[in-house]
Amino acid sequence: MIKGCLGTIAIVGLLVTVPYPSLEAAAPRQMERLGRGTVAIRQEDGNIFIGWRLLGTDPADLTFDLFRTSDTDAPVKLNMEPIAKATHWIDTSAEVSKMHVYHVEPRIEGRKPVQTTGGTLAANARAKPYLSIPLKTLPGHSPNDASVGDLDGDGEY
């Protein structure tokens, strides 16, 4: 009878000494080197939706400034206050008859602002709730499966 109790104690002791996976230090996340991925999409009401990426390396209190360049005009800052806790903006003042390029600048204390690559919207772009990507398919084939990736390493899909 004592032998049975000791066996039970040994098993319990073994369970207590095995480290829990959740208590171990987490391995660093695998991340790609990506840019902000700024996109601009015209909405049904004539406004323009601009969205961009929040990166895994961004600090929690990061804010942004958003700029619009229309045709050949000088860039115009769209936000009066830094954009905080959001990665999108609705441009209500853009003329749809002009081409627009939107640039996002992350504001990091003590660092010079870095302008990102822009999201472009063509003049008189059709309103649609998605970003269309033209495909070149082989004769007799049709796309039915797709994946995304940064094939040239420039940080943009």
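Which residues line the largest cavity? The views below take this up along with the fold, the sheet and the largest pocket.

This is a predicted model, in which local features need pLDDT of at least 70 and side-chain atom pairs count only at pLDDT 80 or more, while totals for chains, interfaces and linings use all residues. Residues are numbered from 1 along each chain as its sequence is written, and side-chain values use heavy atoms, with hydrogens and water left out.

**View 1. The largest cavity and its lining.** Arg42, Ile48, Glu95, Val96, Lys98, His100, Leu121, Ala122, Asn124 and Ala125 form the lining. A cavity is a set of points on a 1 Å grid over the protein atoms alone where a 1.4 Å probe fits but cannot get out, and lining residues have an atom within 4 Å of a point. The structure has one cavity of 30 Å³ or more, and the largest cavity holds about 30 Å³ of space. Volumes here are the space filled by probe spheres set on the points, with grid points joined across faces, edges and corners.

**View 2. An open sheet of three strands.** The strand order is E1-E2-E6, and the pairing is antiparallel. Strand E1 (39–42) and strand E6 (88–91) are at the edges with a single partner strand each, so one side of each has no neighbour in the sheet. From one strand to the next, the twist averages 20 degrees; axes are lines fitted to C-alpha atoms, and angles run from 0 to 180 degrees between N-to-C directions. Strands are DSSP runs (E, at least two residues), as helices are (H or I, at least four), numbered from the N terminus.

**View 3. Where E1 meets E2.** Here E1 and strand E2 (residues 48–51) run antiparallel, joined by four bridges. Two strands count as paired if DSSP finds at least two bridges between them. To find one bridge by eye, start at Val39, whose partner in E2 is Gly51.

**View 4. The largest pocket.** This pocket has a volume of about 710 Å³. A pocket is an open set of points with protein on both sides within 12 Å along at least five of seven lines. Its lining has 22 residues, and Leu131, Ile133, Val148, Glu156 and Tyr157 lie nearest the centre. E1 and strand E8 (119–121) are the elements that give two or more residues to this lining.

**View 5. The whole chain in outline.** The protein has one helix and eight strands, running α-β-β-β-β-β-β-β-β from the N terminus. Of its 157 residues, 25% are buried (under 20% relative accessible area, 1.4 Å probe, protein chains only).

Notes. Buried < 20%, exposed > 50% of the residue type's maximum accessible area, 1.4 Å probe, protein only.
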